[in-house]
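Me: I would like a close look at a single part of this chain, with enough of the surroundings to place it. Please keep it plain.

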Amino acid sequence: MAKKRPQTKAKRPQTTDGARAAGADGHVPVVGAREPCPCGSGRRYKACHGRAAAQAVTELVHRPFEGLAGECDWVALRELVPAATVTLTLKSGLPEGVPSVTLATVLPMAWPALRRDDGSVLIGLQNDTASGDISRDLADTLQRALTAEPGTPVEGRRAPADSPRLQDLLDPEGTFEPVVHPGFEFWVPDAENATPEVTASLERANAAAIPTVRLTGVDAAYWCETPEKNHLRWVMPHPEEQLLDALARLHAAGRSSLGEGTRLVGSFRAHGLTVPVWDLPSGISAEDIEKPAAEFAERMAEALATDAPLTADERRARGGLTNRQVTLS
């Protein structure tokens, strides 16, 4: 069940604390929690601007992609899919000189973002973020990438506590249509002129990528191939308790599989959503699982609509599913 996210060995980007009050020269002063706040309020830093900084570190947003088009696919691309891209639509439209903004699972050298020579912007989704709100950190990276010099990467930092989130920048009516790639060749428009560092990073990432396919008949379901067996990992938008009850009803009735040789083995919990996982025989391809997945979606809709108390068998099935749940975030 475990994901295999491609990782590139690169120096971790430096972080800055955007929540601290900046001095007149634009630099961020380093002050202790009990020292006077540099804003001149007369209060200690921890009781003034330091409070927002502390909250940015400690407050975890459990559903950072809630309200965005394609929330389930955001979670999948963040946690499960090695190589994919999505064209993003901004509320205010594209700035002059920026022909496109593209979300990518991973960028070369683990860059948080990159502005290409032609002005287009790439944002990396699977990077570590500095605060407890992935949405705010990604939005801050996006804003800085839009104004970066063409041909330069954007370093990571902790976003200011009052800065916009992705929900403030992206068009809620825009489509979110992931394109899953077999490798990371989309990194390099001109492979012949790539630097040795980028070429080496590309080779490492391609070697680590698990073959993955997004199903077309249901939302946010991803088939993947591993040496031992294949899997289907399906990000679902339903409240966790309701979803587990529905899965338990189907499991107890012997209706939770996706066909002969397949088995519902548990689930992930990621960014506030639940991701059921099925083991599949090695011979079952993504195309083979399309029809069974669509039929399961119909059974799931029926089970979700049932509000009767769980039977003893269903409670035991639910306990088994809960015991096999893994939290990714």
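In β12, which residue is the bridge partner of F268? Please work outward from that pair.

Reply: The model is a predicted one. The bridge partner of F268 in β12 is V326.

F268 falls within strand β10, which covers residues 263-270 and pairs with β12 in the parallel sense over three bridges. Both strands belong to an open sheet of six strands with mixed pairing, in the order β7-β8-β9-β11-β10-β12. V326 is therefore in an edge strand: β12 (325-327) pairs on one side only, as does β7 (212-214) at the other edge. Neighbouring strands of this sheet are turned by 25 degrees against each other on average, with direction ignored. Helix α6, residues 240-252, packs on the sheet and touches β10, β11 (273-280) and β12. The direction of α6 makes about 25 degrees with that of β11.

The loop between β10 and β11 holds H271. Phi of H271 is near 55 degrees, a positive value in a residue that is not glycine. Most residues other than glycine have a negative phi. H271 is also buried, because its relative accessible area is 5% and the cut-off is under 20%.

The same kind of backbone value turns up at M109, which has a positive phi of about 60 degrees and is not a glycine. M109 lies in the loop between β2 and β3, and those strands lead to the other sheet. That one is also an open sheet of six strands with mixed pairing, and its order is β5-β3-β4-β2-β1-β6. Its edge strands are β5 (152-154) and β6 (179-180), each pairing on one side only. Strand β3 (residues 113-115) and strand β4 (residues 121-124) pair in the antiparallel sense over three bridges; there, R115 stands opposite V121 in β4. Helix α3, residues 134-146, packs on this sheet, touching β2 (101-104), β3, β4 and β5. The direction of α3 makes about 160 degrees with that of β4.

Strand β10 comes back in the account of the interior. In soluble globular proteins, nonpolar side chains tend to be buried together. The largest nonpolar core here has 41 residues, and W74, L142 and V235 have the most contacts inside it. Among the elements that give two or more residues to this core are β10 and β11, along with α2 (71-79), β1 (84-87) and α4 (166-169). Helix α3 gives the most, with six residues. Leaving aside its neighbours within four places in sequence, L142 is in contact with L90, V101, V121, I123, L169 and L170. V121 thus appears twice: opposite R115 and in contact with L142. A second, separate core has 24 residues, including L258, L264, A293 and M300.

For the chain as a whole, the secondary structure comes to eight helices and 12 strands. Buried residues make up 48% of its 329 residues. Of the contacts with a separation of 6 or more, 64% are between residues 24 or more positions apart. The accessible surface comes to about 16200 Å², and carbon and sulfur atoms account for 50% of that surface.

Technical notes:
Residues are numbered from 1 along each chain as its sequence is written. This is a predicted model: local features need pLDDT of at least 70, side-chain atom pairs count only at pLDDT 80 or more; totals for chains, interfaces and linings use all residues. Side-chain values use heavy atoms; hydrogens and water are left out. Two strands pair if DSSP finds at least two bridges between them. Helices (H or I, at least four residues) and strands (E, at least two) are DSSP runs, numbered from the N terminus. Axes are lines fitted to C-alpha atoms, for helices over the stretch in contact, and angles run from 0 to 180 degrees between N-to-C directions. Contact means heavy atoms within 4.5 Å. Buried means under 20% relative accessible area, exposed over 50%, partly exposed in between (1.4 Å probe, protein chains only). Accessible areas come from the Shrake-Rupley method with a 1.4 Å probe; for residues, only the protein chains shown count as cover. A nonpolar core is a set of buried Ala, Val, Leu, Ile, Met, Phe, Trp, Tyr and Cys residues joined through side-chain atoms within 4.5 Å.
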